[in-house]
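Biologist: I have not looked at this structure before. Could you show me how to read its features one at a time?

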Amino acid sequence: MPETPEAFWERVHTSLATPPLDEWDTWPFVGLPEPRELAPPDKADRPRHGEGGVGCHQCAHDIDDALWYDDRWVVKPLPRPSGLPCVVLLHTRQHLDFHELPEDLQAQLGPLLVRVQRAIFAIGDIGNVHVLRIGDGSEHCHIWFQARPARIHQLQSGFVQIWDDVLPPVPEDVWRANLEIVRRELNKQHTVTGAPAAP
Ligand SMILES: [Zn+2]
């Protein structure tokens, strides 16, 4: 029988541990933090941004600032530079939660994940591009691509999401040049759905 959230919380909340973070060189901080107290379950999940498409930022801005789009998908950067050389998001054009993707979009998604990742690798000196779907913040289907510089071992893990805020932002001109490479690469390939690519 599955464990209820209440039973899960009862079992874990007095037994939280700090893993040996000081032994992990990918951990961005010095010293050991203490686990935050784990609050009991709420009555319901917190609503996510744009639930049901109401007040959805992505729906309102659709292809604004797009690096590439077709009739079903759009690739956009963050609004400003962050610590990593390139972070972009792949969104559906339609307001859909990830689990609601119809079969044709499911079939397009696999090739698109690889295609966006390759476009980011074209920047050069990119060691890896992390591809993430979390979806706890906004309901509108979006997938993260986070590029880390090559050969900096400490950025070689999931903690790179924290490092992205620990590192100072990439200089504006470098950030824009990197995005232009991604734009060029995405637009020189065929579109997924056969619709004309963005200029
Ligand atoms: Zn939306």
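Biologist: In which pattern do helices and strands follow one another along the chain?

Modeller: This is a predicted model. Read from the start of the sequence, the pattern is α-α-β-β-β-α-β-β-α-α. That makes 5 helices and 5 strands.

Biologist: What share of the contacts in the chain, between residues at least 6 apart in sequence, join residues at least 24 apart?

Modeller: The share is 65%. As for extent, the C-alpha atoms fill a box of roughly 55 × 40 × 30 Å along the principal axes.

Biologist: How much of the chain is buried?

Modeller: Of the 199 residues, 22% are buried.

Biologist: Now a single residue. Is Gly137 buried or exposed?

Modeller: Counting neighbours decides it: a residue is exposed if 12 or fewer other C-beta atoms lie within 10 Å of its own. Gly137 has 11, so Gly137 is exposed. Gly137 sits in the loop between strand E4 (126–132) and strand E5 (142–149).

Biologist: Which residues does Gly137 touch, leaving aside those up to four places away in sequence?

Modeller: Gly137 touches Arg48 and His49. By contrast, Gly110 is 27 residues from Gly137 in sequence, and their C-alpha atoms are 23 Å apart.

Biologist: Where does Lys43 lie?

Modeller: Lys43 belongs to the loop between helix H1 (5–12) and helix H2 (57–61). Lys43 is exposed because its count is 4 other C-beta atoms within 10 Å.

Biologist: How far apart are Lys43 and Leu96 in space?

Modeller: They are 25 Å apart, C-alpha to C-alpha, with a separation of 53 residues in sequence.

Methods:
Residues numbered from 1 in each chain as written. Predicted model: local features only at pLDDT ≥ 70, side-chain atom pairs only at ≥ 80, totals over all residues. Helix = DSSP H or I, 4+ residues; strand = E, 2+ residues; numbered from the N terminus. Buried ≥ 20, exposed ≤ 12 C-beta atoms within 10 Å, placed from the backbone. Contact = placed C-beta atoms within 7 Å.
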